[in-house]
Amino acid sequence: MEKNTVARVQEKMEKISAEERITAFREIESCFSKKQALKEAERCLQCINPACINGCPAQVNCKEFIKKILEENFQGALQTILEQNPLPCFTCRACNSEQQCEGNCILAKTGDSIAIRALERFVVENSELKNLNASTSKNNVAIIGSGPAGMAAAIELKKIGVKGKIFELQGNLGGLAINAIPGYRLPKKTAEEQIKWMQGQGIEMEKNFKIGEKKTLSEMLPDFDAVLIATGESQAKKLDANGKELEGIFYWNDFLEKYCHGNGKQGKGKKCVVVGGGDTAMDCARTALRMEYGVTIAYRKNLEFMPCRKKEYNEAIEEGIKFEYLLSPQEFLGNKKIEKIKFQKLEIKKEEFVPTGQTIEMDAELAILAIGQEFDETVFRASMLQGKPLKEGICSTELHGVFLAGDAINQQKTIVHAIQSAKNAVKEIQQFLKDKKQRNEKPEETGLNRHDVLLGA
Ligand SMILES: Cc1cc2nc3c(=O)[nH]c(=O)nc-3n(C[C@H](O)[C@H](O)[C@H](O)COP(=O)(O)OP(=O)(O)OC[C@H]3O[C@@H](n4cnc5c(N)ncnc54)[C@H](O)[C@@H]3O)c2cc1C
């Protein structure tokens with residue numbers, strides 16, 4: 001598990017008690033008051049070489065926005081953040097700041113880093129988003145996927161005067177920020193308000209539009225100057241075990257999509273077992289707990305290896321979730337509906353986790369499998385290089401005019417990394433459009449023929 005470098009920062013964010021929070025999906029953390037924000041901003045050393053900026057994957061100038069808070073110029077502070085991060089409404093709630101800006105703050109060495117994420121939240125809630133420039137360029141870009149990467153790309157394109165239109169497979173917009181991150185950490189209305197603001201800026205969004213089904217990439221390309229694929233990685237890694245078809249067994253994506261903002265308390269008196277040890281497992285477990293299930297997390301290694309954030313683990317423990325280690329699911333038992341999960345017990349031998357030959361059974365009326373995420377390869381034909389970019393570290397693909405951003409290409413699957421890769425993709429698209437203009441390409445020379453060949457259209 002990650003080292004908690006900034007334990008005292010956690011204490012500064014006011015949280016509702018564990019007893020109260022498990023009764024509903026109400027947001028756990030509350031925003032700093034003006035007095036708290038000014039007091040915290042005053043502690044910033046305004047370092048000559050601020051490590052917090054490099055600690056932020058989007059390179060937000062934390063030093064500068066904190067200075068503006070001290071000057072009580074909250075609107076100016078927001079503008080500083082927006083220069084690098086078009087979606088602070090998400091990052092101020094969901095960033096893993098202990099490992100990023102705050103973890104790099106010079107005061108982290110004393111265990112008392114500046115609470116940068118809490119200050120960002122204060123700024124977001126005490127200022128307002130201003131209108132973006134009107135689109136000036138004739139170029140238009142199709143953005144596939146409305147998650148943080150697609151949203152960030154649409155805003156960044158608009159900043160440079162280019163029109164981006166979002167196409168989303170789902171009936172709602174926002175990607176995992178709305179369909180997976182539970183409301184007690186990231187309220188649904190945060191994404192809804194951001195989307196409303198974007199639509200008010202003239203950014204078009206079309207729902208229920210699956211690329212690959214409604215239209216193929218090659219069918220889209222003649223209508224757009226470039227296409228950005230920001231389809232994420234929201235498929236669940238599957239488990240092949242006997243009984244997997246029983247009712248009451250969910251993969252994390254289906255479960256969270258249905259329940260992450262609360263949807264009934266059907267768990268009273270029932271047991272839920274969540275299989276996994278990452279942040280997604282914690283979110284599933286804490287969501288099920290709020291539905292009144294008695295919840296146990298079963299992880300195949302031991303606590304030391306559990307990949308979730310320490311903050312999430314601590315909060316899960318406070319809320320009453322039980323943990324069982326060294327268990328690997330073998331079979332689901334029940335009659336139509338799941339009743340038990342049979343686990344193989346594991347032990348550590350020469351640093352390997354190996355089966356002991358013994359099994360145990362755990363009661364479960366609900367089983368949630370959170371053992372990993374995958375890119376949806378069916379979105380593209382195999383010729384799309386399975387969604388891989390041309391070279392590591394860039395967003396261009398071997399398809400001329402087609403770019404990738406977000407979880408679909410990122411090693412680190414977080415909102416702030418999705419935002420940064422969208423910024424990178426927009427820079428590459430801008431260069432591509434500039435080159436295209438210079439060459440004054442005719443349609444036959446755009447590579448469209450090459451697309452058609454690659455996509456088998
Ligand atoms: C349970 C959970 C909790 C998380 N918690 C955090 C957190 O606290 N902090 C954090 O920073 N990150 C967190 N993450 C990660 C974060 O949500 C992702 O890194 C981020 O959403 C990635 O953004 P994206 O736009 O690349 O992809 P997504 O958010 O997955 O959005 C992709 C969008 O593309 C759409 N799409 C897919 N295929 C098609 C198609 N063929 N046609 C049209 N549209 C399509 C999808 O429906 C989706 O809306 C969490 C993830 C999960 C699963």
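Colleague: Which residue in S12 is the bridge partner of leucine 346?
Modeller: Strands of a sheet pair through backbone hydrogen bonds, either parallel or antiparallel. Here leucine 346 has proline 355 of S12 as its bridge partner. Strand S11 (residues 337-349) and S12 run antiparallel and are joined by nine bridges; two strands pair if DSSP finds at least two bridges between them. Strands (E, at least two residues) and helices (H or I, at least four) are DSSP runs, numbered from the N terminus. The model is predicted: local features need pLDDT of at least 70, side-chain atom pairs count only at pLDDT 80 or more, and totals for chains, interfaces and linings use all residues. Residues are numbered from 1 along each chain as its sequence is written.

Colleague: In what order do the strands of the antiparallel sheet stand?
Modeller: The open sheet has three strands, ordered S10-S11-S12, with antiparallel pairing. Its edge strands, S10 (327-335) and S12 (352-363), each pair on one side only. From one strand to the next, the twist averages 20°; axes are lines fitted to C-alpha atoms, for helices over the stretch in contact, and angles run from 0 to 180 degrees between N-to-C directions.

Colleague: How is the parallel sheet ordered?
Modeller: Five strands make up this open sheet, in the order S3-S2-S1-S4-S15. S3 (204-206) and S15 (402-404) are the edge strands. S4 (residues 226-229) pairs with S15 in the parallel sense over three bridges, and valine 227 stands opposite valine 402 in S15. Helix H10 lies across S1 (140-144), S2 (163-167) and S4, at about 165° to S2.

Colleague: Is isoleucine 297 buried or exposed?
Modeller: A residue is buried if 20 or more other C-beta atoms, placed from the backbone, lie within 10 Å of its own, exposed if 12 or fewer, and partly exposed in between. Isoleucine 297, in strand S8 (residues 294-298), counts as buried because it has 27 C-beta neighbours inside 10 Å. Leaving aside neighbours within four places in sequence, its contacts (C-beta atoms, placed from the backbone, within 7 Å) are Val274, Ala281, Ala285, Ile321 and Phe323. Isoleucine 321 is 24 residues away in sequence and 7.3 Å away in space, C-alpha to C-alpha.

Colleague: Where does the ligand lie with respect to domain 2 and domain 3?
Modeller: The ligand lies between domain 2 (140-233 + 375-455) and domain 3 (236-373), because both give residues to the shell around it; the bounds come from an automatic or database domain assignment. Of the 40 residues around the ligand, Gly145, Gly147, Gly175, Gly232 and Gly406 come nearest, where a residue is near if its C-beta atom, placed from the backbone, lies within 6 Å. Elements giving two or more residues to this shell include helix H10 (148-159) and helix H15 (279-290).

How values were computed
Contact = placed C-beta atoms within 7 Å.
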